[in-house]
Amino acid sequence: MYNNQILLAEDDTTDADFFKRALNRLDAPPELVWCRTGTEAYEGLQRSSHADTASLPRLAILDIKMPGMNGLELLEKIKTDDRLKNMPVIIMSSSDEPQDIARAYESGANGYLVKPNRFQDLRELVGSINYFWIKTNRLRPLPS
(Lines give C-alpha, C1' and ligand atoms only; values in the text may rest on other atoms or scores of the structure.)
Protein backbone atom coordinates (compact mmCIF):
# COMPACT_ATOMS: atom_id res chain seq x y z
CA MET A 1 0.00 0.00 0.00
CA TYR A 2 1.22 3.48 -0.78
CA ASN A 3 1.02 6.19 1.84
CA ASN A 4 0.56 9.93 1.51
CA GLN A 5 4.28 10.72 1.37
CA ILE A 6 6.69 12.18 -1.12
CA LEU A 7 10.26 10.92 -0.99
CA LEU A 8 12.73 13.64 -1.89
CA ALA A 9 16.31 12.51 -2.56
CA GLU A 10 18.27 15.77 -2.63
CA ASP A 11 21.74 16.47 -1.27
CA ASP A 12 21.44 20.27 -1.40
CA THR A 13 20.02 21.46 1.92
CA THR A 14 18.83 24.77 0.46
CA ASP A 15 16.95 23.09 -2.41
CA ALA A 16 15.37 20.60 0.00
CA ASP A 17 14.36 23.39 2.37
CA PHE A 18 12.75 25.39 -0.46
CA PHE A 19 10.87 22.29 -1.63
CA LYS A 20 9.62 21.64 1.91
CA ARG A 21 8.55 25.27 2.34
CA ALA A 22 6.68 25.19 -0.98
CA LEU A 23 5.01 21.90 -0.02
CA ASN A 24 3.98 23.20 3.40
CA ARG A 25 2.15 26.14 1.80
CA LEU A 26 -0.34 23.72 0.25
CA ASP A 27 -3.66 22.87 1.86
CA ALA A 28 -3.23 19.47 3.55
CA PRO A 29 0.29 18.84 2.22
CA PRO A 30 1.60 15.29 2.00
CA GLU A 31 4.37 14.28 4.35
CA LEU A 32 7.86 14.83 2.99
CA VAL A 33 10.56 12.23 3.60
CA TRP A 34 13.90 13.84 2.79
CA CYS A 35 17.01 11.77 2.13
CA ARG A 36 20.37 13.42 1.49
CA THR A 37 21.82 10.58 -0.60
CA GLY A 38 20.63 8.03 -3.10
CA THR A 39 21.90 5.26 -0.84
CA GLU A 40 19.89 6.55 2.13
CA ALA A 41 16.77 6.78 -0.05
CA TYR A 42 17.18 3.28 -1.47
CA GLU A 43 17.79 1.72 1.93
CA GLY A 44 14.64 3.40 3.28
CA LEU A 45 12.61 2.17 0.32
CA GLN A 46 13.94 -1.34 0.82
CA ARG A 47 12.90 -1.32 4.48
CA SER A 48 9.42 -0.05 3.56
CA SER A 49 8.92 -2.56 0.75
CA HIS A 50 9.92 -5.51 2.93
CA ALA A 51 7.84 -4.56 5.96
CA ASP A 52 4.86 -6.76 6.80
CA THR A 53 2.55 -3.98 5.71
CA ALA A 54 4.44 -2.39 2.84
CA SER A 55 4.11 1.35 2.98
CA LEU A 56 5.83 3.16 0.13
CA PRO A 57 5.70 6.84 -0.78
CA ARG A 58 3.18 7.76 -3.46
CA LEU A 59 5.96 9.53 -5.35
CA ALA A 60 9.75 9.74 -5.38
CA ILE A 61 11.48 12.91 -6.57
CA LEU A 62 15.18 12.48 -7.25
CA ASP A 63 17.97 14.94 -7.95
CA ILE A 64 20.48 13.66 -10.49
CA LYS A 65 23.68 14.95 -8.94
CA MET A 66 24.15 13.43 -5.50
CA PRO A 67 27.31 11.99 -3.95
CA GLY A 68 27.65 8.22 -3.98
CA MET A 69 24.60 6.77 -5.69
CA ASN A 70 23.30 9.55 -7.94
CA GLY A 71 19.65 10.03 -8.89
CA LEU A 72 19.89 8.15 -12.18
CA GLU A 73 21.52 5.17 -10.48
CA LEU A 74 18.81 5.25 -7.81
CA LEU A 75 16.13 5.44 -10.50
CA GLU A 76 17.59 2.35 -12.20
CA LYS A 77 17.62 0.45 -8.89
CA ILE A 78 14.00 1.40 -8.20
CA LYS A 79 12.78 0.44 -11.65
CA THR A 80 14.53 -2.96 -11.59
CA ASP A 81 13.26 -3.89 -8.12
CA ASP A 82 10.00 -5.87 -8.36
CA ARG A 83 8.66 -4.39 -5.12
CA LEU A 84 9.44 -0.77 -6.08
CA LYS A 85 9.16 -0.58 -9.87
CA ASN A 86 5.53 0.62 -9.95
CA MET A 87 6.20 3.62 -7.70
CA PRO A 88 6.20 6.83 -9.78
CA VAL A 89 9.57 8.55 -9.96
CA ILE A 90 10.27 12.08 -11.16
CA ILE A 91 13.72 13.45 -11.77
CA MET A 92 13.98 17.10 -10.69
CA SER A 93 17.36 18.55 -11.51
CA SER A 94 19.07 21.78 -12.39
CA SER A 95 20.36 19.96 -15.48
CA ASP A 96 18.53 20.68 -18.72
CA GLU A 97 21.01 18.59 -20.72
CA PRO A 98 19.35 16.41 -23.40
CA GLN A 99 21.50 13.41 -22.45
CA ASP A 100 20.38 13.60 -18.80
CA ILE A 101 16.74 13.85 -19.86
CA ALA A 102 17.10 10.96 -22.32
CA ARG A 103 18.84 8.74 -19.77
CA ALA A 104 16.18 9.46 -17.17
CA TYR A 105 13.36 8.40 -19.46
CA GLU A 106 15.33 5.40 -20.75
CA SER A 107 15.76 4.33 -17.12
CA GLY A 108 12.03 4.51 -16.44
CA ALA A 109 11.40 8.01 -15.10
CA ASN A 110 7.76 9.05 -15.09
CA GLY A 111 8.73 12.69 -15.54
CA TYR A 112 11.67 15.07 -15.77
CA LEU A 113 11.48 18.57 -14.30
CA VAL A 114 14.07 21.31 -14.31
CA LYS A 115 14.38 23.09 -10.95
CA PRO A 116 12.94 26.59 -11.17
CA ASN A 117 15.14 29.54 -10.24
CA ARG A 118 12.43 31.49 -8.40
CA PHE A 119 10.60 30.35 -5.25
CA GLN A 120 7.22 31.41 -6.68
CA ASP A 121 7.81 29.15 -9.69
CA LEU A 122 8.80 26.30 -7.37
CA ARG A 123 5.59 26.81 -5.37
CA GLU A 124 3.53 26.52 -8.54
CA LEU A 125 5.46 23.44 -9.66
CA VAL A 126 5.07 21.75 -6.26
CA GLY A 127 1.35 22.55 -6.33
CA SER A 128 1.05 20.91 -9.76
CA ILE A 129 3.02 17.87 -8.60
CA ASN A 130 0.79 17.52 -5.55
CA TYR A 131 -2.43 17.93 -7.51
CA PHE A 132 -1.57 15.36 -10.16
CA TRP A 133 0.61 12.78 -8.42
CA ILE A 134 -0.84 12.85 -4.90
CA LYS A 135 -4.46 13.93 -5.22
CA THR A 136 -5.71 12.71 -8.60
CA ASN A 137 -3.38 10.04 -10.00
CA ARG A 138 -4.24 6.43 -9.18
CA LEU A 139 -1.33 4.10 -8.68
CA ARG A 140 -0.93 0.54 -9.84
CA PRO A 141 -1.33 -1.84 -6.88
CA LEU A 142 1.80 -3.17 -5.27
CA PRO A 143 2.77 -6.76 -6.06
CA SER A 144 1.84 -9.30 -3.39
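I looked up Asp 15 first in this predicted model, and with a relative accessible area of 28% I noted it as partly exposed, because the buried class ends under 20% and the exposed class begins over 50%. Its side chain meets that of Lys 115 in a salt bridge, at 2.9 Å from N to O; Asp 15 sits in helix H1 and Lys 115 in the loop between S5 and H5, so I recorded a link between parts of the chain 100 residues apart.

I then followed Lys 115, which is buried at a relative accessible area of 17%. It also forms a salt bridge with Glu 10, where the closest N and O atoms are 2.7 Å apart; since Glu 10 lies in the loop between strand S1 and H1, this pair ties together parts 105 residues apart in sequence. Glu 10 itself I entered as buried, at 3% relative accessibility.

A further partner of Lys 115 is Asp 63, with 3.5 Å from N to O, placed in the loop between strand S3 and helix H3 and 52 residues away along the chain. Asp 63 counts as buried, at 5% relative accessibility. I therefore wrote down Glu 10, Asp 15, Asp 63 and Lys 115 as one network of salt bridges, and the count for the model came to six salt bridges.

Last, I checked how H1 packs on H5: their axes come within 9 Å and cross at roughly 60°, which makes H1 oblique to H5, in a right-handed crossing. Among the residues that meet are Phe 18 and Leu 23 of H1 and Leu 122 and Val 126 of H5, and the contact divides into seven nonpolar, no polar and two charged residues.

Definitions and conventions. Residues numbered from 1 in each chain as written. Predicted model: local features only at pLDDT ≥ 70, side-chain atom pairs only at ≥ 80, totals over all residues. Heavy atoms only, no water. Axes fitted to C-alpha atoms, helices over the stretch in contact; angles between N-to-C directions. Helix = DSSP H or I, 4+ residues; strand = E, 2+ residues; numbered from the N terminus. Parallel < 35°, antiparallel > 145°, perpendicular 65-115°, else oblique. Left-handed = near helix turned anticlockwise from the far one by under 90°. Contact = heavy atoms within 4.5 Å. Nonpolar A, V, L, I, M, F, W, Y, C, P; charged D, E, K, R; others polar. Salt bridge = Lys/Arg side-chain N within 4 Å of Asp/Glu carboxyl O. Buried < 20%, exposed > 50% of the residue type's maximum accessible area, 1.4 Å probe, protein only.
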